[in-house]
Amino acid sequence: MQQKTKEEIAALIEGEVRDDAATLERLSKDASIFTVRPSLAVAPRSATDVEKLVEYVAKRNQEGERLTVTARSAGTDMTGGPLNEGIILEFTEHMNALREIGADSATVEPGMYYRDFEKATLAKGLLLPSYTASKDLCAVGGMVANNSGGEKTLVYGKTEKYVRRLKVVLSDGSVAEFEKLTMKELEAKKKLDTLEGQIYRKMHELCESEYDLIKASKPNVTKNSSGYYLWNVYDRETGTFDLTQVIVGSQGTLGIVTEIEFALVRPHTHTRLAVVFLKEMKTLPKVIHELLSFTPESLESYDDHTFRFAIKLFPMIVKRLGGSIFGLALRFWPEFKAVLTGGLPKLILLAEFSGDTDEEATAKAEASVAAMREMGYEARVTTGPEEAEKYWVMRRESFNLLRQKKTDMRTASFIEDFAVHPDDLPTFLPKFYALLDEYDLTYTVAGHMGDANFHIIPLMDMRRPDADDIISALMDKVYRLVLSYRGTITAEHNDGLIRSSYVPLMYGDDVVALFERTKDIFDPHRIFNPGKKVFADRQYALEHMVHNNLG
């Protein structure tokens, strides 16, 4: 990017403007298999900085120069979502303040790390329950951008359910505050002689004229992060119109979020974990169905590959858990012994039950374990939080441990986030594993089993000459299988670089045309995070895969 552009932006805003090699290299990666080098990095100090920057970019584009802006929070995205060649806006450096915690909500800037946000809300007895497995690493802006979900989604739902209000910088640099409106309030918004008013007029017309098609396009799953959630915007029955629902999950392609108001819940104060050990995968659908009948708050899993890698990386787990290495080794001795003797189960299921008392939570967990034992499966209730934590660390941290450990293999996230309806698991899973068996891959299996949301993480040497061919072919086969069950290509992690070119396959041309209209209504000059969600270039994505082992 020209030095003149950098100097002009630096003169406009109070935040830092950088183009040094170290910064651009850092921002060229996230947790995905891609690398895309940006031209400039901006760390805004305030929403005013963002407004001035977007206004500047919009003006330069109108003058014929191509400039783009992509928002980035903590960089934990697994899809290449915050990667682009233009200007990257980093929010975690300055725009990370918790504005307010109310009786059942909190207002926060997008750069605040979820771990800090959760600590503050729990001090008030409140929780944002859509946190991810990477909750110690991610920031709340990314949770909104990806419509994040995790282990609590089974009961509480995804981030879309908890976004009450969003302050958004629009494509001309103006600001809109989106929230759920009545039809009377909508009509008032439509009269505004601003870009915000124009967006309301055009989005209402789109949602009204294509109402039946939009409602029918909603995937038949309990969680989804693909496409724009037009089906959540307009509800004729309740007479409400809510544009926060199209911003959530949009990966910063429609505007830049500078403030979020989240609804919060009061979680149960006691939990107890039931652990089920499966020797073979073919019994998984039956086990899931039975466990769900006991209404767990979470139903998670990880496989024997994950367990073995965790044991190999035991010093890193010690660091995560804290405490004495000898004391922790004693806690993990049954797992060490199982690895050494070959007695490790194929899959470990974690069913967490909650209640207002320890007795209530324990009774639920014990009932589920009794049912599992009656069906012939090994199962137990953990003795308390310390024992439960070792299982949760392996589930939550497995991907991060693998990614951080440098080996000749790297985590290749390309089929890691699909979901089908739980009722379809008995016929879906055998077909899925048959596809994986066609390739010589080592992979880990983890996921949110109650939502039939699987995280399949192959470990690959990206220097292999056939790496691109394997990724391309296996993605095609897996996603076509998923969509034959009317599932989703991404339940949590979003489309990004890795999956945006598959959005037409998932939704069909008519619905994608509505997505493209939505993009053009909000962002007519396409300055926000281009190449994601719509107008994607599959070849571009393939060309930007990392072909080395520096994960």
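**Why these words fit: strands, helices and single residues**

Q: What makes S9, S11 and S10 an open sheet, and which strands are its edges?
A: Three strands line up in the order S9-S11-S10, with antiparallel pairing, and form an open sheet. Strand S9 (181-182) and strand S10 (234-235) are called edge strands because each pairs on one side only. The names follow DSSP runs numbered from the N terminus: a helix is a run of H or I with at least four residues, and a strand is a run of E with at least two.

A word on the basis: this is a predicted model, in which local features need pLDDT of at least 70 and side-chain atom pairs count only at pLDDT 80 or more, while totals for chains, interfaces and linings use all residues. Residues are numbered from 1 along each chain as its sequence is written, and side-chain values use heavy atoms, with hydrogens and water left out.

Q: How do you know that S9 and S11 pair?
A: Pairing asks for at least two bridges found by DSSP between two strands. S9 and strand S11 (residues 240-241) are joined by two bridges and run antiparallel, so they count as a pair. In this pair, threonine 182 stands opposite threonine 240.

Q: What makes S15 a largely enclosed strand?
A: Buried means under 20% relative accessible area, exposed means over 50%, and partly exposed lies in between (1.4 Å probe, protein chains only). Nine of the nine residues of strand S15 (residues 347-355) are buried, so the rest of the structure largely encloses S15. Leu347, Leu349, Ala351, Phe353 and Gly355 point one way, and Ile348, Leu350, Glu352 and Ser354 the other way; all are buried.

Q: Which strands pair with S15?
A: Strand S13 (residues 270-278) pairs with S15 in the antiparallel sense over nine bridges, and leucine 278 stands opposite leucine 347. Strand S14 (residues 298-303) also runs antiparallel to S15, joined by six bridges; here leucine 299 stands opposite alanine 351.

Q: Which residues of S16 are on its covered face, and which on its uncovered one?
A: In strand S16 (residues 378-381), Ala379 and Val381 make up the covered face, and Glu378 and Arg380 the uncovered one. S13 and S16 run antiparallel with four bridges between them, and alanine 274 stands opposite valine 381.

Q: How do you know how H11 and H18 pack?
A: Two packed helices are described by the angle between their axes and the distance between the axes. Axes are lines fitted to C-alpha atoms, for helices over the stretch in contact, and angles run from 0 to 180 degrees between N-to-C directions. Helix H11 (residues 284-292) and helix H18 (residues 425-436) have axes 9 Å apart, at an angle of about 145°. Leu284, Pro285 and Ile288 in H11 meet Leu425, Pro426 and Leu429 in H18, where contact means heavy atoms within 4.5 Å.

Q: What makes up the contact of H11 with H18 by class?
A: The contact has six nonpolar, no polar and no charged residues. Nonpolar covers Ala, Val, Leu, Ile, Met, Phe, Trp, Tyr, Cys and Pro; charged covers Asp, Glu, Lys and Arg; the others, Gly among them, are polar.

Q: Which residues meet where H1 packs on H3?
A: Thr5, Glu8, Ile9 and Leu12 in H1 meet Lys52, Leu53, Tyr56 and Arg60 in H3. By class, that contact has four nonpolar, one polar and three charged residues. The axes of helix H1 (residues 3-12) and helix H3 (residues 47-62) come within 10 Å and cross at roughly 145°.

Q: Why is serine 73 called buried?
A: Its relative accessible area is 13%, and the limit is under 20%, so the word fits. Serine 73 is in the loop between strand S3 (69-72) and strand S4 (87-90). Leaving aside neighbours within four places in sequence, serine 73 is in contact with Thr92, Pro110, Ala139, Gly141 and Gly142.

Q: What does the side chain of serine 73 reach?
A: The side chain of serine 73 reaches the backbone nitrogen of glycine 142 at 3.3 Å.

Q: Why is threonine 295 called exposed, and arginine 526 partly exposed?
A: Threonine 295 has 58% relative accessibility, so it counts as exposed. Arginine 526 has a relative accessible area of 32%, so it is partly exposed.

Q: What is the phi of threonine 295 and of arginine 526?
A: Most residues other than glycine have a negative phi. Threonine 295, in the loop between H11 and S14, has a positive phi of about 50°. Arginine 526, in the loop between helix H22 (509-522) and helix H23 (538-543), has a positive phi near 55°.

Technical notes. Polar contact = N/O pair within 3.5 Å; in protein donor to acceptor, adjacent residues only side chain to side chain.
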